[in-house]
Structure formats: structure tokens, C-alpha cells
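This report covers annotated segments, a chain contact and a sheet, in that order.

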Amino acid sequence: MADTLLDIRHLTIDATAYPPGEAPQEITIVDDVSFTLERGKVLGLIGESGAGKSTIGLSPAGYGRGGIRLSGEVWVNGRDILKDTPKALRKLRGKTVCYVAQSAAAAFNPAQTLMEQVIETTLLHGLATRQEAEARAVELFGQLGLPDPEHFGSRYPHQVSGGQLQRAMTAMALCPKPDLIIFDEPTTALDVTTQIDVLAAIKRAIHTTGVGALYITHDLAVVAQVADDILVLRQGEKVEMGSTAQIIESPQEAYTQALVAVRSIAHTPKPPSPTPLLAVEGVSAAYHQSGHNVLETISLSVSAGQTLAIVGESGSGKSTLARVITGLLPPNRGQLLFAETPLPHTLAERSKETLRELQMIYQMADVAMNPRHTVETIIGRPLTFYFGLKGKARRERIIELLDAIELGEAFIDRYPAELSGGQKQRVCIARALAAKPKLIICDEVTSALDPLVADGILKLLLRLQAQENVAYLFITHDLATVKAIADSIAVMHQGQVVRYGKRDTVLSPPFDAYTQKLLASVPQMKQGWLEEALTTHHD
Amino acid sequence: MNTFVIKLIAQRLALGLLLLLAVSVLIFVGTQLLPGDVAQSILGQSATPEAVDNLRRELGLDQPAWLRYLDWLGGILQGDLGTALSNRQDIGESLWGRAGNTLFLAFWTAVVAVPLAILLGLVAVRYQNRWPDRVISGTTLTAISLPEFFIGYLLIYLFAVKFNWFPSVSTVYSGMSLGERLHAIALPAATLTLVILAHMMRMTRAAILSVMQSPYIETAELKGLGLFRIIARHAFPNAIAPVVNVVMLNLAFLIVGVVVVEVIFVYPGMGQYLIDHVSKRDVPVVQAVGLLFAAVYIGLNMLADIIAIVTNPRLRHPK
Amino acid sequence: MSICLTLLKRMPVTALIGLLLTFGFLVMALFAPWLAPYPMSESVGDMWMGPSAEFWLGTDNLGRDLLSRLIHGARTTMTIAALATALAFSIGSVLGILAAVYGGWVDQLISRGVDIVMSIPTLIFALVILSVMPSTVLMLIVIMGVLDSTRVFRISRAVAVNINVMDFVEAARLRGEGKGWIIFREILPNALTPLVAELGLRFIFAVLFLSSLSFLGLGVQPPEADWGSMVRENRQGIVFGVPAALIPAAAIALLAISVNLVADWVLRHTTDLKGGRRG
């Protein structure tokens, strides 16, 4: 078919893994995947981590990271590029097939201006004169919504923001007028309010230029906005493929159905109690004595056995608030009350009992556990430290906790490196629970996990809350998570609380400007959401 | 160059000077104020009390320590390095010719070693984990384990004694032509080159490798750029800073190597001078030459820092 | 025991050779008096005789058996180097970890002090001190130990700082753990691997440094002899085509290479911070 831009047939990708201290292992990253892409259409590649989406995404460029081996056929414009010579591949890349990386900040050369890098391939492949190329670049900067398009190119990568770099990278890919662009998680690292602008810019650019695209992401709601068709991947295998409408409205496979249903946990919020467990009253804090306040007059409270969700983007101060509450950063104004008694401002002043009642779970479970400790030590230490449990009693309690987090006794002698992402976070939850706390601060505990795994953790947390009557201070940037778990919500922006109250109150209009913008920026899993949202976004 | 960079450089210079001052105190303390009677340990157990007293007065040991230090420092700042105890000659004059000799040896060593180290580093990265890289890595691992005198005497044994191509004692004197000088220092220069080449090569390889493994190099490959172009336009500008840093650090290393090599080949440089006078316990010489070596070492390290500042695009083009 | 065997099986050939040679030198040093065929200081033949059935490596400048002197020299060299390294490590790693854990002015004070000492090249500093102090074995160990502890300090501080900022250390702090638990149960187990590798490298440096000092006449003094002073004694022979000086020099090189091979393997093939079971 003359209209078939990309035709991948029975692509299999293998690699050799070298785990430290063991024999090399052969692993299959991608197993017999086939699909086609027509000219001018957008195909979304969706899957969790380990699905092989990036690896597949790089195959139309004939590129593989780290010594992987591609077998099968990859037809681009009627030619099997897997049989190409390196020289032919170099002609293909940057001219017919372009790549937009996940982390634009790292993908740009810090020693060259943006303009130089954007027009580099256009000049190299002799597609235009320098003047023409620069003019085209400036036009693209404008189309993608970058500030001051005329002079934007003369800046260096470190002088512009992350969202701007992502758009610059898109301009770099569009400049040589390729047939196919591969977008590798282009908005994953961005804040939700920035993401919506970049997403719109990309969609606009794709439609204006008529370029074909592969859009790789793990977020189904995002891909639903830009893709015509969606291919669902799981651990290197094709699960399902169909038009976007079909995948979202009537998914066939159980895995796809689970992905579509993500974050639709129903939760009935409880009303706040008159005597809060933790009360933050007028707290302000700064990092240095003379520096400006990172937190400004924060007042909120958490009721016993309930969840207060603190929502904000990067720089909102939510993690700083957690540090103040735990005593790592003393406030310069205001006070904290825990179970009606004043809470000492610094860690050193607090009693062991107080420390026991306030626990914390971190975002990155990899570094939140000592790699040289077994699960037994990790969960058992709080038991010994706070309750003096030893020997058989301690071991029994550890197994009890392992059962509570749905892992079981078999995990007791494992090391963190032997656990999956979700399992690691569960162990961290058990560690916090071991202390029988009254309040647990969850600092972005599901943000680093795949959507389905994150769902599992949220369900576990809700169940444990009902069982143990423990309160959560749940810090997150993800509104969908908030809806699933919160009883009360506080929205933070630039160090202040802009909206606070019961869940349903906070999430219903009328909104303040920031909350409005935030809520409008969260991608919904329906087509056409992006266009609707943009009108409200820029009001 | 913008004011921010100038400020950083000025700070670094000031720090270097401060460090030099602190080092001068340390050296002074090291020689003058150690426990046990300095004059006694210089003259030995069998010295008469009068001789010890005389020496004490001569060394100025009857004055308070800080006064002695300021005297000495003041002298140095005015260019007076002091007088040698053993032969009563002005240290500055004795050092003049010798410093020139040491610089000559160090210069020619650097001229050969630095380009070679960078070239070998590039080759090792180009053929990473293949046989050229393994051979180079293996050779350098061996080379950094070899003491200088092993290499030196081996070279003498083979090339001076057996083949008789070069002299075994590297005497240079004024009036020699450049060619004759080069011939005389061929073996010591070769020894020094081998010593620092090994260290430098490992570090340039690591620096270049880290640049080549950066994400923007992958971006360049995915843009269809050829290897040469990638290296020239993307890798090289970012590799200058770390490679220069490596070179400077190893040149500092060169200073130490020079001392031993000059002794092996009986070369009339600063190192030989220092060693002679250490064994004679000639404190003023040791102080002066020690300070001089430290100053060059600090200077080179400071230069490395300044070059790192100047070549950093983030600092040259602030937000 | 089985762990050791599996470890040995997985080592590459180079590291295995390094391990065997190092072990050989260790045996030589420990059992010197029983291994050496002749007494160390006795003149048993003519000056600078070549290798023969009687004297496997020939004789030195005073007619003493080179092999015997080499074996005894192994003891001297390795003992002094080992003690100096132990001293350097004790001071350096303790100060480094304390500086990282306590931070603040403690860290600033120690770090600035170390910066100043490290601004003088090690050899120069040692020469400055040795120009006034006698070159006794104790003095050599102390000088080498103190000077080298600066490098160990830098490395252990860097390693400890990296570990200190990890969330699991903060989690321990929030629990209320004292400094003792944090240092010994959280930081140290993770700092061991890079420090052990560094131990090997520091030992090599100590061997080379001591040999250089002895070669310059400022290290081990007669009648004691280490490999460096043996090179010094025999250096005149080179000009006459007598390779006697090369033999102790080669021994130093061989010891350094062997330890380097093992340290290199330790650095590259054992699990790092993210790993689990030690490989």
C-alpha cells in the first residue's frame, strides 16, 4: 500500500543481561510484535514499564540501546530498514524518521545554542539553506507556542524551562519535514498544567504538517487525546490494537479493561471530626534564617482515621510541609498540634512515643530501604525499637504484617533488590504500620509506580486505614489519586493553601483561578477532552 | 566574559593564594617546630653544646616562632629564598639554573605525554571493550603499578648500557645545543612520560567515555550524524573541560615524579637539589624548595579549576 | 565456605592470578626466616654474581644473596606498608564518616584542614618532615599513615555523604535512631564495598611510596632493608651492566600489579548500592 508509512512484521528484540555476580542471561524484550501505521496517522503505544514500548519505538530508526538485537522486518516507506547499511540508516534518521526523547533537558547539547541543534539535520541532509532552515525553525517555534520565537533559538538549553525544551525538541524533529516522528513519553516529566500546553502544541503541529507519529506513553488518558489508533503492550507482547474510540469505550482484553478502569476507585469521603488528630496552625517556614518563606501561613488539619490529600505541582511546598510536620525543618511561625498537645518543632525535642505515632512513607521505595537489610530487619526494627519485641514474638508479628500487605511469609528473607516496585512500596507500608502509628505521611507514594500497580497500593492503603484506624496525610500531584482516596483536600500553590475543605466541596465549583486551572489540566479518558480543556485553560 | 565568571575566577585565585599561605605555615611548622631539638638532631648526638648553641643562634631558634616565620615569609616575598646551611650559598642563585633544567624536562615530557594520553583515550573509547581498549587498559594497569626507578633503571640498562643509544647519566650544562640537551634528557623524559601517561590515559578515557555516554550523544546519533561529526561537534566541546582538568591534575603529579627521576639520572634539576639537601638536613633549602614545589602544585590545580569554570556553558551564559 | 568457592569460580583469570600472587607474597613475608636460604646480612659470595644454582637470583653489591634479602625485604616492605595503610584507614574513614554524619562546623573544620594538607604533594611533605626527623620505622609509618589518611578521608566522606542523603537514612532518623545505629547499621554496611577496594589501592600506594623514600635514602635505614633500599644499594651496578637493582624493583612492580588486579575486580564486579546479595 502506498499509504503505509510503517509496517512492522514479527519484530522480536533480544538482549543479554549481566546481573552482577551471576552468569549472563538472555532475555526477550519484545516478542513477535506486528503492526502498521498509515501516512499522516498517529499510533499510540501504551503499556507499563517493561512493556518494551521505547524499544519498539526506536526500531523505525533502526536503533537499539545497549547492544540489543532486532530480528524480524521493519518496513519504512517500502524498504526493510533492518537490512540497511549503517550509512543508509544515517540517511534515514533525522530526515525521514525523527525522535523526540523523554527527557529533553538531557537530550540537548549544553554547549550549543538551540537554533544550531534544531536546524542541524536539515542542513546536514542538504534539505534547505541556512536561511531557509532558520526561518522554518522560527515558524515552528511560533506554532509550538514558544515565547519570542524570533530570538528563542539563540538561547542555550539550560536557560529555558523543561516544557519549553520539550517543545524545542519537537521543533527539532519537525524541522527536516520527516515522514514519521517518534514521541517517547514527551510529557511524562512535566507538571500537569504545563503538560496540557505541550500536548496541545504537539497535536496542532502534527495536524498542520500531516506527519505520521508514534506516541509512546503509559498514560491512556494522554494518548487518547492525540492518537488515532492505540496499541496496548504488556511485557513485550501485543495485547490489543484498535482505534482510540474502540479501545477506550469497548476494550476487549482484560488487561486493557484494567488500564481503562484505572483510578476509578470509588470512595465515600468521611466528614471531618471536630477534634483533629493533627492541626497545623499558621505555619510558615523558610530554608535559611534570612531566606524568603517557602511556606506561608499554612493552616489545615487531619482527623483521626481519615485522609487529608495535599495536592500541588512542583514548587508548591507540599513536600516542605511534610518536612515541617516531621520535625526536619522547624517552622519560623505558627504551631503544630498533635492529639491536642503541642508538637515540638524539631526532631530532637520529640519523645520516642511521639515519633512512633507519626510515620512516613517515601516516593522512591528503592532508596527508602537499606539495600543491605532483609525485609525481616526492615519491618522488624520498628518492632524492636518501639515495643522491645524480640525472638518469636517479633517474627510472628512480622509475618502478620507481611500478610496484611498481601505478601506473605515467603518474603521475609528477601532483599529489596529482589522485589518489584509495588512489592517494595508494600514493605515500606508495613514498616510504617509496624509502629502502630496514628498518622502516616504518604509522600507521593504512588507517583513512581505504574498505574495498575499504583491502584493496588491505593486499595491496600484504604483497606489498612479502615482496619487500623490510621490517618493519612497524602501528598500527591495527581488529582485522580486524590479523588480515589481523600476525605479532605488542601490545594497548595507556591507555598500557600489556595483551597481547603471536604473533598466534595473542594472539587465542586465555584473554583479559585489556580484550582480551576489544575482541575482542567488533568487529562480525562475521552477523546476531544483536550480541545474542551484548552478553552477553559486560557480563560 | 561576564562579571559572574570573573567573580568566580577572582574567588578561585584568592583561595589559591590563601592556600599557599597556609601551606607556607605548614612547611615552616614542619621544619622548625617539631618536637626534639632541631639543632641537636641536625648536628647529631656527638655535637658539643657550643656548636649546638651556635647553630641555634644561626637558625634564629632563639627568636619566637612567629617572628621567625614572618622573617622567612617576608624574605620570600622579596625574592630572597634564604641561604643554604651546608654551603652558605644563596638558594635563589643555586636554584636559578636548576629550575630551568627541571622545567625543560617537564615541558618535553608534557609535550609528548599529553597528546598521546588524549589520543589513546579516544582510541580506547572508540573501540570500547574490544581488543584495542583491553590492551590499552591492561598496559596502563601494569604501568601505574611500576615504580619510577624500575622503569628508569630498565631503560638505562637496555638503552644506555646494552644498546648505548643514550647516556646513563643525564648531565646538561650551559652551552649545549637544543639537540644535545634533548639527547641527554631522552631517557628521563621517557621514564616520566611512561609514568604519567598511564595515569593520564585512564582518566582521559573515563572523562571521554562519560561524555560519550551522555543522552545528547544518543540524540545526535538518532539525528543521523556520522561518528566524526558527533565527536567534533557534540562530544568535543563538552569534553574539553573534563579532559583539561585531567591533564592539569596529572601535570601536578608530574612534579612529584620529577624528583625521583632526577635522582635516578643524576640530572641537575630542582628535585636533585632538594634530595641532596634533605639528607644534609639543610633546613632553609628544604623550606624554600618545598614551598616552590607546593606553589607550582597549587597553581596547576587552580588553573584546572579556572579552566573548568571558563569552559562551562552554564556559567558563560547564565539564565 | 561455599560462598568463597563460588566467588573463586566466578573470578576472571586476571583477578585469580592477582589473588594467587598476592597470597604468595604474603606467605613470603610471613615465613621469611624459614624460606630464605641464606641469612639476610651475611656476605656469602662475590660482589654482583649472576644467577646460579647456588644463588638463584645472584648476589648484591656486598656479596649477599639477593633472594634471601628479597624475601626478608618482603617482610619489611609489606609490614610497614600494611601498618601505614591501617593507620591511614583508621584515621581517614572514622573522620570521613563523622564529618558526613555530623556535618556543620565539624565537617567544615576537618575538610578545610585536609584541603590544606593535600595542597602539598605527598612526597614533598614527607621530605620536608624527614629533613628534620630521624627515619625510624615508627616515624615512617606515622608520616605515611597521616599523609595518606587525607585521601581516605576524602573518599569515605564522599561515600558517606552519598549514603547519608538517601531516604532510608532519613527514615531511620525519623524513627528516632541514635547516631550509633545510623553509622554502624545504616551507613557502614553500604560503605564497605568502595572502601575495601580503596584499601587495596592505598596499600599499593604505600608500597610504592615507601620504596621511593628508601630509594632516595630517606626511608628504611641500614641494617634493615626493604625493597626500595635494595634498589638504592645496587643502583651503581646498572651502569656496569649488572641488573641486580632491577630485581627488587621488579618485585615491587609485581606486588603492586597483583594487588591492583584484585582491587580492580572488587571495584567492578561486586554489587553496588542498589544491589542485594553480595556477589
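In chain C, the UniProt record (unreviewed entry) places the feature "transmembrane region" at residues 12-36, 79-103, 123-147, 199-218 and 238-267. The model discussed here is predicted. For chain B, an unreviewed UniProt entry carries the annotation "domain: ABC transmembrane type-1", which covers residues 99-304. The table lists the computed secondary structure and end-to-end spacing for this range and for two of the chain C segments.

| Chain and residues | Helix | Strand | Distance between end C-alpha atoms |
|---|---|---|---|
| Chain B, 99-304 | 83% | 0% | 22 Å |
| Chain C, 12-36 | 88% | 0% | 32 Å |
| Chain C, 199-218 | 85% | 0% | 25 Å |

**Contact between chains B and C**

Chain C contributes 38 residues to the contact, and chain B contributes 40 residues. On the side of chain C that touches chain B, at least two residues each come from α6 (122-130), α9 (179-215), α10 (227-239) and α11 (246-269) of chain C. The largest share of that side is supplied by α11(C), with 9 residues. Sorted by class, the side of chain C that touches chain B consists of 29 nonpolar, 7 polar and 2 charged residues.

**The sheet in chain A**

Chain A holds an open sheet of 6 strands, arranged in the order β16-β17-β18-β13-β19-β20, with mixed pairing. Which strands stand at the edges? They are β16 (358-361) and β20 (496-502) of chain A; each has a single partner strand, so one side of each is left without a neighbour in the sheet. From one strand to the next, the twist averages 15 degrees.

At the β20 end of the order, strand β19 (residues 488-493) of chain A is joined to β20(A) by 6 bridges, and the two run antiparallel. Within this pair, Val491(A) stands opposite Arg499(A) in β20(A).

Two helices of chain A that pack on the sheet are described next. Helix α12 (residues 318-326) of chain A touches β13 (307-311), β16, β17 (439-443), β18 (471-476) and β19 of chain A. The direction of α12 makes about 150 degrees with that of β17(A). Helix α17 (residues 421-434) of chain A also packs on the sheet, where α17 touches β16 and β17 of chain A. The direction of α17 makes about 175 degrees with that of β16(A). The edge strand β16(A) is thus touched by α12 and by α17.

How values were computed:
Residues numbered from 1 in each chain as written. Chains lettered and ligands numbered in written order. Predicted model: local features only at pLDDT ≥ 70, side-chain atom pairs only at ≥ 80, totals over all residues. Pairing = 2+ DSSP bridges. Helix = DSSP H or I, 4+ residues; strand = E, 2+ residues; numbered from the N terminus. Axes fitted to C-alpha atoms, helices over the stretch in contact; angles between N-to-C directions. Contact = placed C-beta atoms within 7 Å. Nonpolar A, V, L, I, M, F, W, Y, C, P; charged D, E, K, R; others polar. UniProt positions renumbered as here; feature names shortened; annotations may be inferred.
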